[in-house]
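Reader: Could you take me through one part of this model up close, and then show me what else is worth a look? I'd like one connected account rather than a list.

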Amino acid sequence: EFINRLISLELSARGLEHSANYLAGVVKLLKAFLAIKDWDSARGLLPAKNGVIDLKTLKILPHSPAHKLTWQLPYDYNPKATCKPITDWLLDATKGNESLVELLRAYLFSIIYGRTDIHRYLEILGPSGSGKSTFMKLATMLVGNRNTHITKLKKLEGQFETAALLDKKLVLITDSDRYGGTVETLRAITGGDRVPYEEKFLQADEGFQPGCKVIISCNEPIQAQDYIALERRRIVCPFDNKIAVENQRALLEEVDGELVGEFVDYLPGLLNWVLSSSAAVMEKYLKKTGEMVRGYKQIAIQAIVNTNPIAD
C-alpha cells in the first residue's frame, strides 16, 4: 500500500491521470524490472543515522541503496563521543572489577563484528534490580532492534523458533534459570552448526548457519540437562550489586518508540568505546577468560557447582 501511494503521487505530479488497473500494472512491471535473486546486504558496515560506518577503517560513508541495508542505529555516529557514565555504571554493576568490564566490552565487540567463530555465549547472572536488563538494552543499541531477537530458552528449543534467527546478530534469552530441558538448539547456535528453517504450514526449507551471538539473563545458573556442553561455552558474568527500588534510575527505556533515560545521549560514545578495542584483545578475553579476568576462576567454579550435581 505504501509503495502504491508513492507511485500514485509520482504519477499525479507528472500530470498523468491513472486508474487502479494502471497503477497495478506499473507495480507489476517494477517487480519484474527490480527483481533480485538474493538480498546480499553489504558486510562490514554499520549504518547510523548520519551515514554508514566502515568497520575496517571506522570512517563514515554516505548512505547508498547499493549497500542494501534495511535498518540503522537510532543515533548519529560521532567519533569524538564518550560514555563515562555508562562505564562507571558497569564498574558499579560488577563491584569495581575492571577486568570484568573489559570482558563485557570484548563480548559487545564480538556482537558488532559477528564473531560467531568464537564458540562462547554470555550468561549474566544476578538478582532482579542488578542491571541485567539495562546491559541487554545497551547491547541491542549496538546492532539495532531489527537485528535482535528476544526469546526464552524453552521457546528456543521449540520446532519453529529457529526461523526467527535468520539474519539476526544478537539473541537475548530471559528467565532461563527456570528451564531444565535439553539445550540442543543453544548448542547449535553457539557452536557454529546449522539449524533448521521451518515455518508453520509451509514446507521446511534448507537449514542455515546463524550469525548471531547469544546473551542469557538469569537469576540463577541454568539447570539444563546437558550441563557439560554449557560449561565449555559459557562465560559467566555476575551482576550481584542489587540496587534498592527507591534508588533505581531510568537509564535506558523505550517509550512509544522513543528512547529515554540517562544513557541515551551516551550511546554514540558507547559505540566508540567498544569499537576502540582490538580483535586480538577481544579474543584473549573470550578465549582465555580465566587468565584475563580477575577472580574469574572462582566465578566459573561456583557456576559449575551450581549446575553440575557431582561437582560439589
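Author: Start with the face of α12 that points away from its buried side: Lys297 and Gln298 sit there, and both are exposed. Bear in mind that this is a predicted model. Now flip to the other face of α12, where the buried residues are Tyr296, Ile299, Ala303 and Thr307. Those four cover an arc of only 60° around the axis, and that is why they end up on the same side of α12. The helix itself covers residues 296–307, so to speak a 12-residue run, and its first and last C-alpha atoms are 17 Å apart, close to the 16 Å expected at 1.5 Å a residue.

Hop over to α1, residues 2–13, for another helix of 12 residues. From first C-alpha to last, α1 reaches 17 Å, which is close to its expected 16 Å. After α1 comes glycine 15, with a positive phi near 75°.

On to the aromatics. The model has five aromatic pairs. Take tryptophan 89 and phenylalanine 239: their ring centres are 6.3 Å apart and their planes meet at 65°, so this pair is edge-to-face. Tryptophan 89 belongs to helix α3, while phenylalanine 239 belongs to the loop between β10 (234–238) and β11 (253–255), so the pair ties together parts that are 150 residues apart in sequence. Both partners are tucked away: tryptophan 89 is buried with a relative accessible area of 11%, and phenylalanine 239 is buried at 0%. Ring pairs also bring in other residues, linking Trp89, Phe135, Phe239 and Phe263 into a cluster.

Trp89 turns up again when you look at the open spaces. The second largest pocket has a volume of about 580 Å³. Its lining has 30 residues, and Trp89, Gly129, Ser130, Gly131 and Thr134 are the closest to its centre. At least two lining residues come from each of α3 (84–93), α5 (132–143) and β9. By class, the lining of this second largest pocket splits into nine nonpolar, 12 polar and nine charged residues.

The largest pocket holds about 1,000 Å³ of space. It is lined by 28 residues, and those closest to its centre are Ser41, Arg43, Asp167, Lys168 and Lys169. The lining of the largest pocket comes out as 12 nonpolar, eight polar and eight charged residues.

What about enclosed space? Rolling a probe the size of a water molecule over the atoms shows where empty space is left. In this structure there is one cavity of 30 Å³ or more, and the largest cavity contains about 50 Å³. Its lining is made up of Tyr107, Thr116, Ile118, Arg120, Tyr121, Ile189, Thr190, Cys212, Lys213 and Val214. Sorted by class, the lining of the largest cavity has six nonpolar, two polar and two charged residues. Two elements, α7 (184–190) and β9 (213–218), each give at least two residues to that lining. So β9 is worth following by eye: β9 supplies at least two residues to the lining of the largest cavity and at least two to the lining of the second largest pocket.

Methods:
Residues are numbered from 1 along each chain as its sequence is written. This is a predicted model: local features need pLDDT of at least 70, side-chain atom pairs count only at pLDDT 80 or more; totals for chains, interfaces and linings use all residues. Side-chain values use heavy atoms; hydrogens and water are left out. On a 1 Å grid over the protein atoms alone, a cavity is a set of points where a 1.4 Å probe fits but cannot get out, and a pocket is an open set with protein on both sides within 12 Å along at least five of seven lines; lining residues have an atom within 4 Å of a point. Grid points are joined across faces, edges and corners, and a volume is the space filled by probe spheres set on the points. Ala, Val, Leu, Ile, Met, Phe, Trp, Tyr, Cys and Pro count as nonpolar, Asp, Glu, Lys and Arg as charged, and the others, Gly among them, as polar. The expected span of a helix is 1.5 Å times one less than its number of residues. Buried means under 20% relative accessible area, exposed over 50%, partly exposed in between (1.4 Å probe, protein chains only). The arc is that of the directions from the helix axis to the C-beta atoms. Rings of Phe, Tyr and Trp (its six-membered ring) pair if their centres lie within 6.5 Å; planes under 30 degrees apart count as stacked, over 60 as edge-to-face and the rest as tilted.
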